[in-house]
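User: I have a structure here that I'd like to walk through with you. Could you take my questions one by one and show your reasoning?

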Amino acid sequence: MFGTLSDRLSGILSGLTRRGALTEDDVNAALREVRRALLEADVALEVVRSFTDKVRERAVGAEVLKSVTPGQQVIKIVNDVLIDTLGGEGEGITFDAVPPVPILMVGLQGSGKTTSTAKIARRLTDRDKKKVLMASLDTRRPAAMEQLAILGKQVGVETLPIVAGQSAVQIARRAVEAGKLGGYDVVMLDTAGRVTLDEALMAEVAEVKAATNPHEVLLVADALTGQDAVNTARAFDGRVGLTGIVLTRMDGDGRGGAALSMRAVTGKPIKLVGTGEKTDALEDFHPSRVANRILGMGDIVGLVEKAAATVDADKAQELAQRLAKGNFDLGDLRTQLQQMEKMGGLGGLMGMLPGMAQMKNQIANAKMDDKVIARQIAIINSMTAAERRNPDLLKNSRKKRIAAGSGTSPEAINKLLKMHRQMADMMKQMSRQKGGMLGKLGSMFGL
Ligand code: GDP
């Protein structure tokens, strides 16, 4: 599954603990996984090649930040190249031309073309306060014309009255004319689709384009069709020239592969994405969100950035050395708790880790919230240095003193001591065995 790319990367790179520059071998090992994951996600082979070349170029010799692991650093580079390949943020559709501005919608039948036409018309009307006219040019399928008229009523957008017997070009001209006469800002032309690409379809679309000189030619493509969508995009772009892409059914595409291929192959921006059947299920395209989906993680990149900014690498190093000797005292626990607080508390930390949602719930059930962290730090602060080093000293009288000092109870202290014992055991195991969720969690802290 696509979702495991970041896991795979962390896995193969978790053995690399030394700091310094990334070597060609490190990077190649990571790239094998990247290549496999992209191919599994149905990304076009040529795109996979140029993508991995770019990552290699950027990664080999790159300095590993002091406070992140090489694995995390590679993930960050892959993420950055993904965002570059997916294109810039916020390239929405434009209509800065003399009204009525024609927008031509093209694509295969069933791609979501008519629905997307209505979605865009609705957005232009409601959000951008434009006066929009829609027209269906599908002369072969009266049902398609009806469908647009029904959608138009639903979203409160006018559609051009249907006149039987007209050709696509005639309807398109009539729509633009009606747009002028009626004072419309935008005229959306929903061209006919075919089940497969054919020359008659292309010729018709090209003719309509020549007759109306549209400001935007948007290809509507179904993200779920992967490679086919890419071939469709290439064909339409070669024959009629596109200004952008509307990628539909992104609600069903958990992998994001089509978006990557489409953009890389055509060089045309993905301007909007369809995320459902309803007429408001239309979103701007955010390369960073798709990159996250492709890497299959919560915001691990944000976590690396946060870690880079907050984790004190030297302290982590010191702690790692102590752990290697089997030491994890209450002072170390305090350092960990403080680190957690810095990174936005448990909630913030868990939310950013992939696959941790369940654990987050468990913690919430156990009432292990951020206030608890602060209280635990207060308890440890009330101890003497000797007590922190050796919790066995903590008999009842000392517990009472610490409870009073920290405004807690002896029970709270017992709970903390129990947690510390469990963590100490866990840390011992972790230092023996890297990898796995706890190992990963540990490496987040630079252990
Ligand atoms: P056309 O033949 O290209 O005009 O396709 P339609 O607009 O008639 O859409 C075909 C089907 O796909 C309809 O049932 C739509 O509701 C559905 N559809 C369109 N866009 C999306 C989308 O973004 N997500 C989902 N889940 N369904 C969509």
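Analyst: Happy to; what follows is a set of questions and answers on this predicted model.

User: Great, let's begin with the ligand. Of the 18 residues around the ligand, which come nearest?

Analyst: The shell around the ligand counts 18 residues. Helix 5, residues 113–126, gives the most to that shell, with 3 residues. The residues that come nearest are Gly112, Lys113, Thr114, Thr115 and Gly274.

User: By class, how many residues of the shell around the ligand are polar?

Analyst: The shell can be split into three classes. It has 1 nonpolar residue and 4 charged ones. The polar residues number 13.

User: Let's turn to helix 2. What span should its 17 residues have at 1.5 Å a residue, and what is found between its end C-alpha atoms?

Analyst: Helix 2 covers residues 24–40, and at 1.5 Å a residue its 17 residues should span 24 Å. The distance between the end C-alpha atoms agrees with that expectation. The value found is 24 Å.

User: Within what arc do the buried residues of helix 2 fall, seen down its axis?

Analyst: The buried residues of helix 2 are Asp26, Val27, Ala30, Glu33, Val34, Ala37 and Leu38. Seen down the axis, they line one face of helix 2, because they fall within a limited arc. That arc is 135°.

User: And which exposed residues does the face of helix 2 turned away from its buried side carry?

Analyst: This is the face opposite the buried side of helix 2. Just after the helix, Asp42 takes a positive phi of about 70°. The exposed residues on the face turned away are Glu24 and Asp25.

User: How is helix 3 arranged: what arc do its buried residues cover around the axis?

Analyst: Helix 3, residues 45–59, reaches 21 Å from its first C-alpha to its last, close to the 21 Å expected for its 15 residues. Its buried residues are Val48, Phe51, Thr52, Val55 and Ala59. They sit on the same side of helix 3, since the arc they cover is only 95°.

User: Which residues are exposed on the other side of helix 3?

Analyst: Looking away from the buried side of helix 3, there is a set of exposed residues. Helix 3 is then followed by Gly61, whose phi is positive, near 85°. The exposed residues on the other side are Glu46, Arg49, Ser50 and Asp53.

User: Now the largest nonpolar core. Which domains give residues to this core?

Analyst: The core has 83 residues, and Met188, Leu189, Ile245, Leu247 and Met262 touch the most other members. Helix 4, residues 70–86, gives the most to this core, with 7 residues. The core lies between two domains, because both give residues to it: domain 1 (2–86) and domain 2 (101–285).

User: Is Asp222 buried or exposed?

Analyst: Asp222 sits in strand 5, residues 216–222. Its C-alpha atom is separated by 5.0 Å from that of Ser111, although the two are 111 residues apart along the chain. A residue is counted as buried if 20 or more other C-beta atoms lie within 10 Å of its own. Asp222 has 23 of them, so Asp222 is buried.

User: Leu394 and Asp392 share a loop. Which of the two counts as exposed?

Analyst: Leu394 lies between helix 18 (385–389) and helix 19 (396–406), and Asp392 is in the loop between helix 18 and helix 19 too. Leu394 has 20 C-beta neighbours inside 10 Å, so Leu394 counts as buried. With 7 C-beta neighbours inside 10 Å, the one that counts as exposed is Asp392.

User: Last, some backbone details. What kind of peptide bond joins Pro99 and Pro100?

Analyst: Pro100 is placed in the loop between helix 4 and strand 1 (101–106). Omega for the bond between Pro99 and Pro100 is about 0°. The peptide bond is cis.

User: What is the phi of Lys129 near?

Analyst: Lys129 is found in the loop between helix 5 and strand 2 (132–136). Lys129 counts as exposed because it has 8 C-beta neighbours inside 10 Å. Its phi is positive in a residue other than glycine, near 55°.

Notes: Residues numbered from 1 in each chain as written. Predicted model: local features only at pLDDT ≥ 70, side-chain atom pairs only at ≥ 80, totals over all residues. Near = placed C-beta within 6 Å. Helix = DSSP H or I, 4+ residues; strand = E, 2+ residues; numbered from the N terminus. Nonpolar A, V, L, I, M, F, W, Y, C, P; charged D, E, K, R; others polar. Expected span 1.5 Å × (residues − 1). Buried ≥ 20, exposed ≤ 12 C-beta atoms within 10 Å, placed from the backbone. Arc of directions from axis to C-beta. Core = buried A, V, L, I, M, F, W, Y, C linked by C-beta atoms within 7 Å. Domains from an automatic or database assignment.
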